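The exercises below concern burial, nonpolar cores and surface patches. Work through each task before reading its solution.

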Amino acid sequence: MPKGTSPGADLSVRPADLERAGVWLTGHGLADVRPTALLATRLEVRRRARLAASVLLAAFLIAVALTYTGGTVDGSGDRRWSLLVLTALVVGLVLAQSSLDWWVRRVDRRAGATLPRRAAHPVRLGWRTVLGRPRAAFAVATFAGGTAPAIGTLTLDDPTARYAAVILLIGLCGLAVGVVVQLRHVLTHPVVADDEVSLTADVIMRVEDARVGAAPTAVWSVWSLPVVSVFSTAFGWWNAAWVAFIVLSVIALALIEARTARSAAVARNAMSAP
């Protein structure tokens with residue numbers, strides 16, 4: 001049997017992918033496990049999907065900034081069209097992210113179909129396992145922290161401020177839907193494993209998928225858009241709030257990263273559950 005393949009598998013992987021899979025195993029305390037074509041294929045599709053998601057988010061932020069700017073060129077333009085365009089951009093972002101998730105799951109299914117047998121998790125994985133209470137609470141707090149001042153801004157008489165707040169709210173709603181959809185995929189897609197080691201790797205990938213999906217990077221970026229657009233004209237309090245929001249969020253995320261179990265430890269606990 002060629003190195004890097006599973007019995008009955010027709011997966012073909014590049015040596016570089018196998019090498020990255022070996023590094024991934026070592027980084028998760030599985031240095032004595034030989035990387036397989038199945039694992040290399042699953043990791044590679046995730047790497048590409050996350051790269052595509054980063055490019056997608058960057059394009060989304062640029063498009064939203066242009067839309068915002070277009071609606072504030074002379075302060076008297078018809079902003080309804082800008083909001084419609086923005087809504088379409090948000091819907092497009094959610095659909096594109098869902099397509100990336102679907103691509104990852106499809107590759108997983110095709111890889112799983114090559115297995116001569118299928119293993120199952122000892123217990124059903126829930127959001128508390130793959131994401132954890134601290135990260136779930138942090139994600140909710142991040143969205144709430146971004147939404148609250150925007151809602152408060154809607155009460156102001158300044159139309160520019162209200163317009164920026166609406167832009168922010170639409171963007172946050174789209175991102176929240178994207179996170180929920182991605183978490184649902186993580187929790188519901190079938191297991192791709194045929195032994196204890198591959199089952200552990202499957203749990204680790206689910207934990208990392210959930211944590212990456214709930215990371216506040218996108219929220220920070222969307223929150224900055226109205227600030228950047230009006231930095232030199234108004235919103236002194238918004239600028240200060242944005243800086244405080246980012247600093248506090250970074251500190252909270254660093255504490256969570258330092259005080260919560262790593263993905264490999266979460267996987268081992270899940271595997272040892274009665």
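**Exercise 1.** Is Leu248 buried or exposed?

Solution. Leu248 has a relative accessible area of 59% and is therefore exposed, where exposed means over 50%, buried under 20% and partly exposed in between (1.4 Å probe, protein chains only). The model is predicted: local features need pLDDT of at least 70, side-chain atom pairs count only at pLDDT 80 or more, and totals for chains, interfaces and linings use all residues. Residues are numbered from 1 along each chain as its sequence is written, and side-chain values use heavy atoms, without hydrogens and water.

**Exercise 2.** Place Leu248 in its helix and find its surface patch.

Solution. Leu248 belongs to helix 9, residues 236–259 (helices are DSSP runs of H or I, at least four residues, numbered from the N terminus). Together with Val243, Val247, Ile251 and Leu255, Leu248 makes a nonpolar surface patch of about 460 Å². Such a patch takes residues with over 30% relative accessible area and no salt bridge, nonpolar side chains being joined within 5 Å; a salt bridge is a side-chain nitrogen of Lys or Arg within 4 Å of a carboxyl oxygen of Asp or Glu. Areas come from the Shrake-Rupley method with a 1.4 Å probe.

**Exercise 3.** Is Thr200 buried or exposed?

Solution. Thr200 lies in helix 7. With a relative accessible area of 9%, Thr200 is buried. Leaving aside neighbours within four places in sequence, Thr200 is in contact (heavy atoms within 4.5 Å) with Ala267 and Met271.

**Exercise 4.** Which helix gives the most to the largest nonpolar core?

Solution. This core has 25 residues, and Trp24, Leu43 and Met205 are among those that touch the most other members. A nonpolar core joins buried Ala, Val, Leu, Ile, Met, Phe, Trp, Tyr and Cys residues through side-chain atoms within 4.5 Å. Helix 7 gives the most, with seven residues.

Methods. Helices (H or I, at least four residues) and strands (E, at least two) are DSSP runs, numbered from the N terminus. Patches are made of residues with over 30% relative accessible area and no salt bridge: like charges are joined within 9 Å, nonpolar side chains (Val, Leu, Ile, Met, Phe, Trp, Tyr) within 5 Å.
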